[in-house]
Amino acid sequence: MASRSIDVRVYVSDAMGENAYTVRGAASGSVVAVDPGGAADELADAIEAGGLQLEAILLTHAHFDHVEGVATLVRRTGAPVYLHPADRPLYDRAAEQAAMFGLRVERPPAPAHALEHGQSIERAGVRFEIRHVPGHSPGHVLLYVPDAGIAFVGDVVFAGSIGRTDLPGGDFHELMRSIREHVLSLPDETVLYPGHGPATTVGYERVSNPFLAPQFGGGLA
């Protein structure tokens with residue numbers, strides 16, 4: 001999918017239905033991978049077939065379904081991994097997380113770079129603004145691309161739903177605060193690319209998402 005000269009492609013894992021993305025500026029010969037899950041080999045094959053280089057692996061958070069393909073991509077491309085430090089404990093226990101669901105995940109290599117709130121990084125011709133949005137996990141981040149009007153939101157918000165908070169490190173009130181301050185504050189036309197399910201927009205979720213209906217003493221989410 002192209003959006004204002006930004007090319008976005010999605011690769012969905014079979015087991016968990018997790019969305020991995022590649023992102024690049026239309027004129028760039030390299031790409032960025034976001035949250036490589038179980039479809040990492042398909043993603044890597046597409047990069048190679050396109051004659052492109054994987055410049056970076058950006059992780060919104062470290063639940064196992066979002067990082068299970070990291071080891072594969074690093075082995076095939078040598079690309080550096082970016083992760084918020086607060087999710088490092090989850091990242092280091094990705095194999096143990098998967099085992100709780102009866103699945104096997106290869107332990108991912110150590111991250112090379114830290115993502116921090118307020119940081120701006122440019123890779124593959126795309127400028128990403130990093131927003132720390134805890135609640136689903138302690139180190140969850142949102143990757144906002146203001147030049148294209150898009151955001152990669154991981155498991156913070158979905159089309160018609162929000163991220164679960166019953167996993168270790170989850171906090172419902174913190175998640176709702178993250179959504180209010182860092183998702184609903186984006187322009188209504190911003191396209192949201194979630195970790196599961198179809199893309200949506202800020203404006204659509206603002207008026208239709210049942211979890212963002214009035215609450216907390218009558219205030220809008």
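A pocket is an open set of points on a 1 Å grid over the protein atoms alone, with protein on both sides within 12 Å along at least five of seven lines, and its lining residues have an atom within 4 Å of a point. The structure considered here is a predicted model, in which local features need pLDDT of at least 70 and side-chain atom pairs count only at pLDDT 80 or more, while totals for chains, interfaces and linings use all residues. Residues are numbered from 1 along each chain as its sequence is written, and side-chain values use heavy atoms, with hydrogens and water left out.

The largest pocket is lined by 17 residues, and those nearest its centre are His-63, Phe-64, Gln-97, Phe-101 and Leu-167. Two or more lining residues come from each of helix H2 (64-67) and helix H5; helices (H or I, at least four residues) and strands (E, at least two) are DSSP runs, numbered from the N terminus. The space in this pocket is about 330 Å³, a volume being the space filled by probe spheres set on grid points joined across faces, edges and corners. Its lining comprises 8 nonpolar, 5 polar and 4 charged residues. In this classification Ala, Val, Leu, Ile, Met, Phe, Trp, Tyr, Cys and Pro are nonpolar, Asp, Glu, Lys and Arg are charged, and the others, Gly among them, are polar.

Phe-101 also belongs, with Met-100 and Leu-103, to a nonpolar surface patch that has about 320 Å² of accessible area together. Such a patch joins nonpolar side chains (Val, Leu, Ile, Met, Phe, Trp, Tyr) within 5 Å, taken from residues with over 30% relative accessible area and no salt bridge, that is, no side-chain nitrogen of Lys or Arg within 4 Å of a carboxyl oxygen of Asp or Glu. Areas follow the Shrake-Rupley method with a 1.4 Å probe. Met-100 lies in helix H5 (residues 94-100).

Three loop residues are set out below; buried means under 20% relative accessible area, exposed over 50%, and partly exposed in between (1.4 Å probe, protein chains only).

| Residue | Loop between | Relative accessible area |
|---|---|---|
| Asp-35 | strand E4 (30-34) and helix H1 (40-49) | 2%, buried |
| Ala-124 | strand E8 (120-123) and strand E9 (126-132) | 3%, buried |
| Ala-27 | strand E3 (19-25) and E4 | 84%, exposed |

Most residues other than glycine have a negative phi. Asp-35, however, has a positive phi near 55 degrees, and phi of Ala-124 is likewise positive, near 55 degrees. For Ala-27, the C-alpha atom is separated by 9.5 Å from that of Asp-7, 20 residues apart along the chain.

How values were computed: Patch = residues over 30% accessible without salt bridge, like charges linked within 9 Å, V, L, I, M, F, W, Y side chains within 5 Å. 1 Å grid on protein atoms, 1.4 Å probe; cavity = no way out; pocket = protein on both sides within 12 Å on 5 of 7 lines; lining within 4 Å.
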